[in-house]
Amino acid sequence: MAPAKKRNVSSGKTTEESVKTAKINLNSKVESILESRKHANDVFDILEFLQSEKEKDVISAVSACSKLFSALLERKDLFMGKLPGEEEALSGGYSAEEKYRIFMRHRYNSCVEMLLEHLSHELHGVKESALCCLMKFAAVEGQHPLEDLDWSEHYSFPRELIQAVVDRLLSRTTDNSLLISRFQEFLEMEDVRYYVMSSIRENVGQVMDKNKGAVAPIYQNNVFTLMSNISVPSQESELTNFMVKQEAKHEDWKAAKLGEHKRVFERMWLGFLKYKLPSNMYKKVLVILHDSILPHMSKPTLMIDFLTAAYEVGGAISLLALNGLFVLIHQHNLDYPDFYKKLYNLLEPSVFHVKYRARFFHLANLFLSSSHLPVYLVAAFAKRLARLALTAPPTALLIVLPFIYNLIRRHPSCRVLIHKPTTEDEPLEDPYRMDEEDPAHCRALESSLWEIKTLQKHYHPDVSKAAMLINTPLSEQEDDISEVLETTTYELMERDLKQTQNKSIPLEFETATQLLKVGGDVLGQHFCLD
């Protein structure tokens, strides 16, 4: 076994030395290529290292390529315009200078292709270095363009390179969340962000149409991760950080206009959300919708189709979809008459047992906060909650009861549910229709909140105490339900078990100092007499 260990150690040293030697050789080759064109063929050695199986060799080669081709771009030593084939360049009537530039341009294109392939490498270090190198090439290409672009439309921005990078980031088979988070720093530049948004929209359309609209979880997660990192400035004066600064007519450039950013942002999101999403992604989108998406859209009401589709998913997603619709109704004047009907139908026994219970009642309280809601609607919500309360756990009841009281406080006309005069001949049957989906036809105003009276006999003292409040006139001050939204069963038990005695016990104002002494003397005399 000893010789084997010795060989392993020596091979490790050899590998370490070879990496250092390789790095020195690569740097010297870059310098020799830049110094003299007679060393042009050394570029093949650098590209060969770029295909190595060893991570350190590849990263060293990426660094060398970055240095070499950035310098060649700045020196205009790469062929500009439509690139002829290498065989054509040799046989055609090109000068030695042009042949050199054509040769180096082909090597540059090969390098870019290899770097794009490395964005799918199994090692993150290789992927990260390749990404940074490609973005450096994009910046240099922007200042020293290789193509004759449509100057009035796109100016001198390397659109094709950015499109290629985005296509690789949006992998269909590999989760690129970590690499996309590294890419986020480049999205802070206005022009990069603008063309990335255009590239995402184009990529999503091609991939999802080819996939016939079927759900592609890995791909769609990559798209969402990239899009959720994009935020558009709120004012045009904030558009100051550009990777490529146009020398002439910069103000006329689409990437320098806030309106164009919003237009592309809107088309990007609508293009993504028109396809069916994985069920867990609806929630991710809806959580950031009202803060990160709607404010940056030109026409936020275009999101109504997505929100309606999201409501049909059910559960927490339906609630979050209603939150998005609520924002559109109040802030963007959307006419959506079925909003409260949909909210009413979300009131099921399961709502008391799910993890999003606190968020549900927080949002429901917000939705029902207006004092201009019709009485029949508020009565329907109060009655349905009261009926559901009969089978709800104590933690939920401590939310529901104050919630109902607040509804009655906001709408005094609903007090008829508490003070319901009855006659001896009136049948003891509740006219309320629990299975009616439309709150306008559930006959809640014809009923009463007898369920709360029943809860006054609840086994939990906190619940029965809360239910007793309905026997007295309700104060005008609303109860703050935010304090009880997150209460758990464990907290209720701990609170009952660890109740401290707050009241002080009344004692004699003068301390008795001779009581025991006198008693002892009397007791001693008694024993002596016996």
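Helices, in the sense used here, are DSSP runs of at least four residues, numbered from the N terminus. The structure described is a predicted model, and within this model Val 416 is found in the loop that lies between helix H18 (394-410) and helix H19 (450-455). Val 416 has a relative accessible area of 31%, and because partly exposed residues are those between the limits of 20% and 50%, Val 416 is counted as partly exposed. Together with Tyr 376 and Leu 445, Val 416 forms a nonpolar patch on the surface, and the accessible area of these residues together is about 210 Å².

A second loop, between helix H8 (177-183) and H9, is the place of Met 189. The relative accessible area of Met 189 is 17%, and since buried means under 20%, this residue is classed as buried. Met 189 and Leu 239 are 50 residues apart in sequence, while their C-alpha atoms are 8.6 Å apart in space.

Helix H9 itself comprises 21 residues (residues 190-210), for which a span of 30 Å is expected at 1.5 Å a residue; the C-alpha atoms at its ends are 31 Å apart, which agrees with this expectation. H9 is followed by Lys 212, a residue whose phi is positive, near 55 degrees.

The largest pocket holds about 400 Å³ of space. Its lining is made up of 18 residues, and those that lie nearest the centre of the pocket are Asn 109, Glu 141, Glu 147, Glu 160 and Leu 161. Helix H5 (96-118) and helix H7 (159-169) each supply at least two residues of this lining, and the largest share, 6 residues, comes from H5.

Terms used: Residues numbered from 1 in each chain as written. Predicted model: local features only at pLDDT ≥ 70, side-chain atom pairs only at ≥ 80, totals over all residues. Heavy atoms only, no water. Expected span 1.5 Å × (residues − 1). Patch = residues over 30% accessible without salt bridge, like charges linked within 9 Å, V, L, I, M, F, W, Y side chains within 5 Å. Areas by Shrake-Rupley, 256 points an atom, 1.4 Å probe, with all protein chains shown as cover. Salt bridge = Lys/Arg side-chain N within 4 Å of Asp/Glu carboxyl O. Buried < 20%, exposed > 50% of the residue type's maximum accessible area, 1.4 Å probe, protein only. 1 Å grid on protein atoms, 1.4 Å probe; cavity = no way out; pocket = protein on both sides within 12 Å on 5 of 7 lines; lining within 4 Å. Points joined across faces, edges and corners; volume = space filled by probe spheres on them.
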